[in-house]
Amino acid sequence: MEFRHLGRSGLMVSEISYGNWITHGSQVEEEAAHACVRAALDEGITTFDTADAYAGTRAEEVLGRALKGVRRESVEIFTKVFWPTGDGQNDRGLSRKHLTEAIDGSLRRLGTDYVDLYQAHRYDYETPLEETLKTFDDLVRRGKILYVGVSEWTAPQIQRALEIADQMGFDRLVSNQPQYSMLWRIIEADVVPLCSREGVGQVVWSPIAQGVLTGKYLPGQAPPSGSRAADPVSAGPIGRFMNDDLLTRVQDLRPIAADLGLSMAQLAIAWVLQNPDVSSAIIGATRPDQVRENVKASGVKLGADVLERIDQVLGEHVQRDGSLVERMSPKTRD
Ligand SMILES: NC(=O)c1ccc[n+]([C@@H]2O[C@H](COP(=O)([O-])OP(=O)(O)OC[C@H]3O[C@@H](n4cnc5c(N)ncnc54)[C@H](OP(=O)(O)O)[C@@H]3O)[C@@H](O)[C@H]2O)c1
């Protein structure tokens with residue numbers, strides 16, 4: 001496993017990290033979840049990503065149990081806050097009240113005294129940015145969080161947060177967590193250029209487009225049983241990729257992977273890691289063998305000719321519209 005700095009911070013993270021959205025506390029049983037975490041640790045993954053809202057807070061509990069007994073200094077634990085964790089009017093968002101209460105819930109569920117990175121899961125249009133950043137800074141001073149990051153913020157939102165931090169002497173953002181894959185490149189337009197200048201690293205999610213880039217979903221056929229797209233509870237978010245045209249193009253990536261002696265998943269993860277602004281690619285898994293296969297993308301170098309072939313195959317199926325970043329954060333509560 002190779003390691004990278006998290007943005008311009010001193011923190012080293014494994015360039016492939018393990019995340020538990022959709023899986024822990026939901027799609028997979030506790031035993032399978034622990035087996036995946038054990039496989040990740042065995043393969044050299046040290047960075048683990050979760051969120052308070054995943055599986056209605058159960059995902060943090062499962063990860064906490066799975067990491068029990070692991071030397072705390074040997075892992076980096078990331079979590080997030082923003083989406084509702086309860087029915088109350090303050091059980092959501094980035095207010096001082098919610099951040100202050102939410103971190104204690106996350107620490108308790110994760111069984112740790114601090115998280116390495118605390119991320120604003122989305123931008124909160126209803127809370128002054130100064131209030132959020134001051135509270136994050138207070139949590140750093142109180143030793144509950146070590147670094148501050150965001151997820152799916154637009155370039156102007158990140159820029160404003162950095163300006164406020166510089167003016168007020170608050171801790172600066174060190175990372176952004178966006179969706180990024182061969183198929184979903186919307187951060188390349190504005191977010192990456194700004195973050196690159198400012199030393200904010202990208203911790204990217206769904207590098208294999210939730211399984212689509214493994215090539216296991218075949219055009220004209222039902223999703224394989226047990227897969228995310230076949231799961232009635234989890235199938236929603238993967239839906240945007242499940243059309244026959246796109247699935248056909250993905251099959252055309254097979255010769256490229258084969259020429260390099262890589263699996264399709266390894267090719268897709270290696271692709272995001274070619275971007276030097278990516279600090280880590282967060283992989284998900286339902287089985288330990290997926291983790292063991294996917295980590296082999298660490299350290300793989302892809303030539304310009306390979307990147308060109310991939311672009312030719314995927315063609316107009318690559319989403320590059322930078323304005324889509326703004327749609328990731330809800331403007332109102334409803
Ligand atoms: N910040 C955010 O808003 C946000 C949003 C989403 C995710 N995330 C983070 O990113 C993490 C990863 O997201 P993701 O799970 O969508 O990532 P992903 O790595 O693109 O997809 C993972 C899924 O693909 C399938 N898969 C993995 N390896 C495979 C292989 N070798 N062969 C066949 N199928 C394979 C598995 O699902 P099946 O076996 O069920 O098919 C697995 O659960 C999350 O856990 C979370 O930490 C963050």
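**Notebook: a loop glutamine, the ligand site, two positive phi angles**

I began with Q210, which is placed in the loop between β9 (201-205) and α7 (235-238). The model I am reading is a predicted one.

I asked whether Q210 is buried or exposed. Its relative accessibility is 8%, so Q210 counts as buried. I then looked up what the side chain of Q210 reaches. It comes to 3.3 Å from the backbone oxygen of P237. P237 falls within the residue range of α7 (235-238), the helix at the end of that loop.

Next I turned to the ligand. I looked for where the ligand sits, and found it in the largest pocket. There are 34 residues around it, and the nearest are D49, S206, K216, R228 and T286.

I sorted this shell by class. It holds eleven nonpolar residues, 17 polar ones and six charged ones.

I also noted which elements supply the shell. β10 (278-283) and α11 (288-294) each give at least two residues to it. The largest share is that of α11, with three residues.

Then I went through individual atoms of the ligand. One of its nitrogen atoms is 3.5 Å from a side-chain N or O atom of Y54. For A285 the partner is in the backbone: an N or O atom there lies 3.5 Å from an oxygen atom of the ligand. Q290 uses its side chain, where an N or O atom is 3.0 Å from a ligand oxygen. I wrote down the areas after that. The ligand taken alone exposes 920 Å², and the protein buries 96% of this.

My last entries concern backbone angles. I asked what phi I22 has. The value is near 75°, which is positive, and I22 is not a glycine. I22 lies in the loop between β3 (16-19) and α1 (30-42). Its relative accessibility is 13%; buried means under 20%, so I22 counts as buried.

T57 has a positive phi too, of about 80°, and is likewise not a glycine. I found T57 in the loop between β4 (47-49) and α2 (58-66). Its relative accessible area is 14%, and therefore T57 is buried.

To close, I set down three loop residues together. Q210 is buried at 8%, I22 at 13% and T57 at 14%.

How values were computed
Residues numbered from 1 in each chain as written. Predicted model: local features only at pLDDT ≥ 70, side-chain atom pairs only at ≥ 80, totals over all residues. Heavy atoms only, no water. Near = heavy atom within 4 Å. Polar contact = N/O pair within 3.5 Å; in protein donor to acceptor, adjacent residues only side chain to side chain. Areas by Shrake-Rupley, 256 points an atom, 1.4 Å probe, with all protein chains shown as cover. 1 Å grid on protein atoms, 1.4 Å probe; cavity = no way out; pocket = protein on both sides within 12 Å on 5 of 7 lines; lining within 4 Å. Sits in = over half its atoms within 2 Å of the grid points. Helix = DSSP H or I, 4+ residues; strand = E, 2+ residues; numbered from the N terminus. Nonpolar A, V, L, I, M, F, W, Y, C, P; charged D, E, K, R; others polar. Buried < 20%, exposed > 50% of the residue type's maximum accessible area, 1.4 Å probe, protein only.
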